[in-house]
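Trainee: I would like to learn how to read the features of a protein model, one at a time. Could we work through an example together?

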Amino acid sequence: VNTLTGPGTGNSNGGGGDGPGGGGSTAQQIEMGATVGGTFARGVIGTSIASGSQLSPGGSTPLTLQFRTTTTGAPATDSFTVNFASSCPAGSVTITPAQAVSVNGQATATYSYSGGCGLTQDTINATASSGGSATLVNSSATTTVALAPSQVGSIEFVSASPTNIGLAGTGRNETSVVTFRVRDQAGGPRPNATVQFTLDTS
């Protein structure tokens, strides 16, 4: 059976496939840093300590990190877990919390100095990770905090070598090396302290 179709009455089967523009979504690129002097600095931890200033024993400063998109600078919507670490020995510095979670693109902790670090400045490092779909362009940041010298708290005898010496001409050792330890008020080592020695001849 032949079916004749007149002009203008035919059907078109033009159902096109997916075009090249129908790709999946791209993960956001996120950078971590802080605003310093009004400008965002990638890889930097923000503090409240002015340039050239020192943090004294008993003092504290916030540690602040911002997470923002690399395209627009808008705060990241994903949450990031940040771990903070100090170069000072345990007990001289406390960072609370040591692990912070960002909220609305910002993570904050408090750095408290008790004294006794033994360093003129502390290097603080932060590493971040994301549980979301965003990609971190940089996962680490750092800053340095200048530490003021601690006040001398005590001095203690450590050793004498040898422990016994003799008078000149007796043939015995005539000198001895004596060692003392200087501590600050927090009980930590106090570097660069001037110690004066005198003999008690009474």
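Trainee: How many salt bridges does the count come to here?

Mentor: The general idea is that side chains of opposite charge can pair when their charged atoms come close. A salt bridge is counted here when a side-chain nitrogen of Lys or Arg lies within 4 Å of a carboxyl oxygen of Asp or Glu, and by this rule the count comes to 4 salt bridges. Before we go on, please keep in mind that this is a predicted model, in which local features need pLDDT of at least 70 and side-chain atom pairs count only at pLDDT 80 or more, while totals for chains, interfaces and linings use all residues. Residues are numbered from 1 along each chain as its sequence is written, and side-chain values use heavy atoms, with hydrogens and water left out.

Trainee: Which residues are linked in a network of salt bridges?

Mentor: The network links Glu 31, Arg 42 and Arg 68. In one pair, Glu 31 forms a salt bridge with Arg 42, and their closest N and O atoms are 2.8 Å apart. Glu 31 lies in strand β1 and Arg 42 in strand β2 (residues 39-42), so this pair ties together parts that are 11 residues apart in sequence; helices (H or I, at least four residues) and strands (E, at least two) are DSSP runs, numbered from the N terminus. Glu 31 also meets the side chain of Arg 68 in a salt bridge, at 2.9 Å from N to O. That pair links distant parts of the chain, with Arg 68 in strand β3 and Glu 31 in strand β1, 37 residues apart.

Trainee: Are the members of this network buried or exposed?

Mentor: We call a residue buried under 20% relative accessible area, exposed over 50% and partly exposed in between, using a 1.4 Å probe and protein chains only. Glu 31 counts as buried at 6% relative accessibility, whereas Arg 42 is partly exposed at 45%, and Arg 68 is partly exposed at 28%.

Trainee: Which side chain does Arg 183 meet in a salt bridge?

Mentor: Arg 183 meets the side chain of Glu 156, at 3.4 Å from N to O. Arg 183 lies in strand β12 (residues 177-184) and Glu 156 in strand β11 (residues 152-161), so the pair ties together parts that are 27 residues apart in sequence. Arg 183 is partly exposed at 25% relative accessibility, and Glu 156 is partly exposed at 28%.

Trainee: How should I read the backbone, and where is a peptide bond cis?

Mentor: As a general guide, most residues other than glycine have a negative phi, and most peptide bonds are trans. In this model the peptide bond from Thr 96 to Pro 97 is cis, with omega near -10 degrees, and Pro 97 sits in the loop between β5 (93-96) and β6 (99-101). A cis peptide bond also joins Ser 161 and Pro 162, where omega is about -5 degrees, and Pro 162 lies in the loop between β11 and β12. As for phi, Asn 104 has a positive value near 55 degrees although it is a residue other than glycine; Asn 104 is found in the loop between β6 and β7 (106-113) and counts as exposed at 69% relative accessibility.

Trainee: What surrounds Thr 61 in the model?

Mentor: Contact means heavy atoms within 4.5 Å, and, not counting residues up to four places away in sequence, Thr 61 touches Thr 47, Ser 48, Ile 49, Ala 109, Thr 110 and Tyr 111. Thr 61 is in strand β3 and is buried, with a relative accessible area of 1%. The side chains of Thr 61 and Ser 48 are joined by a polar contact of 2.9 Å; such a contact is a pair of N or O atoms within 3.5 Å, where within protein one must be able to donate a hydrogen and the other to accept it, and residues adjacent in sequence count only if both atoms are side-chain atoms.

Trainee: Which residues line the second largest pocket?

Mentor: On a 1 Å grid over the protein atoms alone, a pocket is an open set of points where a 1.4 Å probe fits, with protein on both sides within 12 Å along at least five of seven lines, and lining residues have an atom within 4 Å of a point. The residues lining the second largest pocket include Pro 162, Ser 176 and Phe 197.
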